[in-house]
Amino acid sequence: MRYIYTTLYLLVTTSIYAQQPETITGRVELGDGRFVIESFTAHLVGDSLYVEMGDLKLMDGGSPTTYRFAVPAVFAVPVKAQTRRRIDPTEYAGQMKVTVVELSEQDNELVVGLDIRMRGDVMNRRLSYLLIPEMVAGDSTVTGAGLLVNGRGKDQLYRRRQKFHQPSLLDKLPDIKIAVTNYTDTLVRYSMRLPYEIWMDEAVLDIHQVVGSPAGKEQLYTIASAGRVKLQPREPYEVQPQVNFILPEREEKLRKMQGQAYLDFAVGRSVIVPTFRRNPEELAKIEAAIRKVQSDADVQITGLFVEGYASPEGSYVSNERLARERSQALANYITQNFGIAADLISVSSTAEDWDGLRILVEESDLVRKAEVLAIIDSTDEPDRKEARLKALGYPWTAMSSGMFPQLRRVEYQIDFSVKDYSVEESRSLAARIPEMLSQRELFLLAQSYQQGSPQWENIFETIIRHYPDDTTAILNYAAVLLGRGELASAKRHLDRVADRPEAADNLGVYYLLSGDLYTAEAYLRQAAADGSEQAAHNLTELETKRDDDFRMQRYKNNN
């Protein structure tokens, strides 16, 4: 019977490859007429040839023996030459069935689990099967450990080849080898773990099968699993950028103390009489300010500035002389009573304080205020303004009694230098008189505390309060705000110094935290080019975030 099937197979397949019609019918005589097939029909369906045969007559001397075929014969006929063909594992019955029980990402590893079932009538002693799992996505591939399944006879041949160093394909690849008892149903549990890579999100698991025949021939098939890798649930990556703090430059600590004194002088006189009217109290204020600076061993007076002001009544020339002489009188008083050298004192005067008068009028409810302000703002000479204001009547009288006394004053400023302090000395001064510390001293003091602690943050609050317009103070305070997650406030400060190269680092951090990775990258690359150490770390964080965003999108798509 085998001879009949083989001959019929060759006949029909030859006819098909010779471009015969897909359906062939006829009567066939085989073996010099000893076998006669009364009729058969063959037609091609996909890659398989279906043959239905009529009665088979065996001519043996006398009357022939007749055989009937109740089930059509089926032959696998490849349409074209190929070394691989893809087969649905669920339809690969009767030989070897591979079930993918696990294909997932777990703790940055690809986990593959297979159940391999082999029927006993497939695995005889002279056969071997090699299974090679492979993850494939475009040009990216990774191959897992091969599993070699040998029948008992084939296993002996395998060991013999290994001994004499004569490996075949079946011997070269396997990392796992088992021998199977002949004609016994077998279940093999296969597991594989590989480091997970991004491209595996798109990958398909191919299971290559190499079949070794008893004659030593090998044929390669590919069984492809369906579906993608089940990705591990994840939370979006939270970037951990490093903000950039700038150490302030050293500075010569020059400080100043300002005050005002409303001294009373006799009409037309410029001599200071300590007991005259309000003078005791006003001179006491000046003395207290000077003594406070002189008593501090850490400071040294470097200068004293005195400026005298007069009110608008009277001629401008006369007022100019009085303001100058009264300022000089105060300078002389200070030299005589407080031991400050005359060459440290600078004197200035303002004859008629029209600017001060305008402020007082603007803040008052003076009758005809608009007219008064128009005269003050005019380009008239001082004496002409005074005449026009007097002509208004009551407004002039009201200003003379209620505003002019406030204009007759002396303003003073004490300039002094302060010594440099250590961190420990700064610690005791920061809470009492932080204005005596330089920005650098306050910054170094902040670094002595744990970053993010209340003391650390309070010092940076102090710095920005005392150096509100300093670029370094603004950048460092913006860094504090970024660390606290106060992005809007940080951006307002960064916008003030955005044109400075030093701002690139923290601007990059702002955009990184805001999710604008494109803009963040531009700033961070600029900062890295300028030598920022933090920028290199932040660029790594940016790439990690970009990859994670891609992974999160892949996770949404795959699940």
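Which residues are buried in helix 12? The legend for View 1 answers this, after a word on conventions. This is a predicted model, in which local features need pLDDT of at least 70, side-chain atom pairs count only at pLDDT 80 or more, and totals for chains, interfaces and linings use all residues. Residues are numbered from 1 along each chain as its sequence is written, and side-chain values use heavy atoms, with hydrogens and water left out.

**View 1. Helix 12 and its surroundings.** Welcome to helix 12, where Q439, R440, E441, L442, F443, L445 and A446 are buried. Buried here means under 20% relative accessible area, exposed means over 50%, and partly exposed lies in between (1.4 Å probe, protein chains only). Helices (H or I, at least four residues) and strands (E, at least two) are DSSP runs, numbered from the N terminus. Helix 12 spans residues 439-447, and 7 of its 9 residues are buried, so the rest of the structure largely encloses it. Its buried residues pack against helix 11 (423-430), helix 13 and helix 14; contact means heavy atoms within 4.5 Å.

**View 2. The largest nonpolar core.** A nonpolar core is a set of buried Ala, Val, Leu, Ile, Met, Phe, Trp, Tyr and Cys residues joined through side-chain atoms within 4.5 Å. The largest one here has 66 residues, and L330, I334 and I414 have the most contacts inside it. Helix 14 (residues 471-484) gives the most to this core, with 9 residues. Leaving out residues up to four places away in sequence, L330 touches L263, I272, L283, I286, V306 and V410. Another core lies apart from it, with 26 residues, including V98, V180, Y190 and Y196. As background, nonpolar side chains tend to be buried together in soluble globular proteins.

**View 3. The open sheet with strands 16 to 19.** Here 4 strands form an open sheet of mixed pairing, in the order 16-19-17-18. Strand 16 (254-261) and strand 18 (345-350) stand at the edges with a single partner strand each, so one side of each has no neighbour in the sheet. On average, neighbouring strands of this sheet are turned by 20 degrees against each other, direction ignored. Two strands pair if DSSP finds at least two bridges between them; strand 17 and strand 18 run parallel and are joined by 6 bridges. If you would like a residue to follow, E307 has S348 in strand 18 as its bridge partner. Helix 5 lies across strand 17, strand 18 and strand 19, running at about 155 degrees to strand 18. For these angles, axes are lines fitted to C-alpha atoms (for helices, over the stretch in contact), and values run from 0 to 180 degrees between N-to-C directions.

**View 4. A salt bridge within helix 4.** A salt bridge is a side-chain nitrogen of Lys or Arg within 4 Å of a carboxyl oxygen of Asp or Glu, and by this rule the count comes to 28. In this close-up, R291 and E287 form one at 3.8 Å, N to O. The two residues are 4 apart in helix 4 (residues 279-294), so about one helical turn separates them. R291 is partly exposed, with a relative accessible area of 36%, and E287 is partly exposed too, at 35%.

**View 5. A salt bridge between two loops.** The side chains of R408 and E313 meet at 2.4 Å, N to O, in a salt bridge. This pair links distant parts of the chain, 95 residues apart: R408 sits in the loop between helix 10 (404-407) and strand 19 (409-418), and E313 in the loop between strand 17 (299-309) and helix 5 (316-338). R408 is partly exposed at 28% relative accessible area, and E313 is partly exposed at 25%.

**View 6. A salt-bridge network involving helices 13 and 14.** E457 forms a salt bridge with R484, the closest N and O atoms being 3.1 Å apart. E457 belongs to helix 13 (residues 454-466) and R484 to helix 14, 27 residues apart. E457 is buried at 18% relative accessible area, whereas R484 is partly exposed at 28%. A network of salt bridges links E457, E461, R484 and E486.

**View 7. The surroundings of L187.** L187 is found in strand 13 (residues 186-195) and is partly exposed, at 39% relative accessibility. Leaving aside neighbours within four places in sequence, L187 is in contact with D115, I116 and R117. L187 and M118 are 69 residues apart in sequence, yet 6.5 Å apart in space, C-alpha to C-alpha.
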